[in-house]
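Visitor: I would like to learn how to read a model like this one. Where do we start?

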Amino acid sequence: MSDSFQVEGADIVFRSHVFDVERRTIRHGKTKFRRDVAVHPGAVAILPINAAGEVGFIRQYRATFDEFLLEIPAGTRDIPDEEPLETAKRELLEELGFEAKEWTLLGRFMNSPGWTTQVMIIYEARDLTEGVRAPAGPEESSSTILWLAPDMIREAFRSASAVDSTTAIALHRIFGTFFDES
């Protein structure tokens with residue numbers, strides 16, 4: 001068979017406020033097959049680090065796992081034509097109540113390319129000043145903010161049953177072998 005794949009069609013089978021699901025028909029040589037794909041506008045995440053070297057986290061309820069998770073601030077790129085950095089600035093203020101003067105792009109990654117188009121863009125934010133927090137929705141409104149030093153982060157995440165991948169990637173970018181024992 002050849003390496004050529006072609007999407008021949010797509011029908012939306014589900015719409016939500018966060019993503020749509022498309023059923024795509026793909027041709028590969030003489031073979032046709034279908035795949036369901038979660039079409040997502042993308043998201044941003046922010047690793048905020050204060051002057052004391054502590055990282056800002058939001059502890060909020062996640063219905064997916066029916067538990068509270070410790071994560072860095074993040075949000076969907078749900079405003080058309082908004083630049084990713086502007087989304088990050090908006091999310092940092094909304095979720096943590098801080099603004100930053102220094103922004104560094106840490107990277108982009110595909111969340112799960114086998115089933116979603118979502119791409120996460122991660123920024124590091126420093127030189128923070130407190131603003132007005134404006135949590136959105138019941139989960140954020142019931143969340144708590146924690147500032148943790150690296151040794152406390154290591155302890156918290158090494159004992160967790162699983163860690164949010166966006167948070168893990170951001171921490172690895174700044175702290176290197178953050179979760180390793182050595």
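**Reading rings, sheet and core**

Guide: Start with one ring. Phe-14 has a relative accessible area of 42%, so Phe-14 is partly exposed. Keep in mind that this is a predicted model.

Visitor: What about Phe-19: how is 29% relative accessibility read?

Guide: Exposed begins over 50% and buried lies under 20%, with partly exposed in between. Phe-19, at 29%, therefore counts as partly exposed.

Visitor: How many aromatic pairs does the structure hold?

Guide: Six. Phe-14 and Phe-19 form one of them. Their ring centres lie 6.1 Å apart, with 45° between the planes. Planes over 60 degrees apart would count as edge-to-face and under 30 as stacked, so an angle in between is called tilted. The Phe-14 and Phe-19 pair is tilted.

Visitor: Which kind of pair do Trp-103 and Tyr-123 form?

Guide: Edge-to-face. The centres are 6.2 Å apart and the planes meet at 85°. This pair links distant parts of the chain, 20 residues apart. Trp-103 sits in strand β8 (residues 98-110) and Tyr-123 in strand β9 (residues 119-130). Trp-103 and Tyr-123 are both buried.

Visitor: Now the sheet. In what order do the strands of the open sheet stand?

Guide: Read across the strands, not along the chain. The order is β6-β5-β10, three strands with antiparallel pairing.

Visitor: Why is one side of β6 and of β10 left without a neighbour in the sheet?

Guide: Count partners. β6 (67-71) and β10 (144-148) are edge strands with a single partner strand each, so one side of each has no neighbour in the sheet. Direction ignored, neighbouring strands here are turned by 30° against each other on average.

Visitor: How many bridges join β5 to β10?

Guide: Five, between antiparallel strands; β5 spans residues 55-62. For a position to look at, take Gly-56, which stands opposite Trp-147 in β10.

Visitor: Last topic: the core. Which residues have the most contacts inside the largest nonpolar core?

Guide: Leu-47, Val-55, Phe-57, Ile-72, Ile-122 and Ile-153, in a core of 17 residues. Next, ask which elements supply it. Those giving two or more residues include β5, β8, β9, α3 (150-158) and α4 (165-175). β4 gives the most, with three residues.

Visitor: Which residues does Leu-47 touch?

Guide: Leave out residues up to four places away in sequence. Then Leu-47 touches, among others, Val-55, Ile-72, Leu-106, Tyr-123 and Ile-174. Another core lies apart from the largest one, with 13 residues, among them Val-44, Leu-92, Phe-98 and Ala-125.

Conventions
Residues numbered from 1 in each chain as written. Predicted model: local features only at pLDDT ≥ 70, side-chain atom pairs only at ≥ 80, totals over all residues. Heavy atoms only, no water. Phe/Tyr/Trp six-rings, centres within 6.5 Å; stacked < 30°, edge-to-face > 60°. Buried < 20%, exposed > 50% of the residue type's maximum accessible area, 1.4 Å probe, protein only. Helix = DSSP H or I, 4+ residues; strand = E, 2+ residues; numbered from the N terminus. Pairing = 2+ DSSP bridges. Axes fitted to C-alpha atoms, helices over the stretch in contact; angles between N-to-C directions. Core = buried A, V, L, I, M, F, W, Y, C linked by side-chain atoms within 4.5 Å. Contact = heavy atoms within 4.5 Å.
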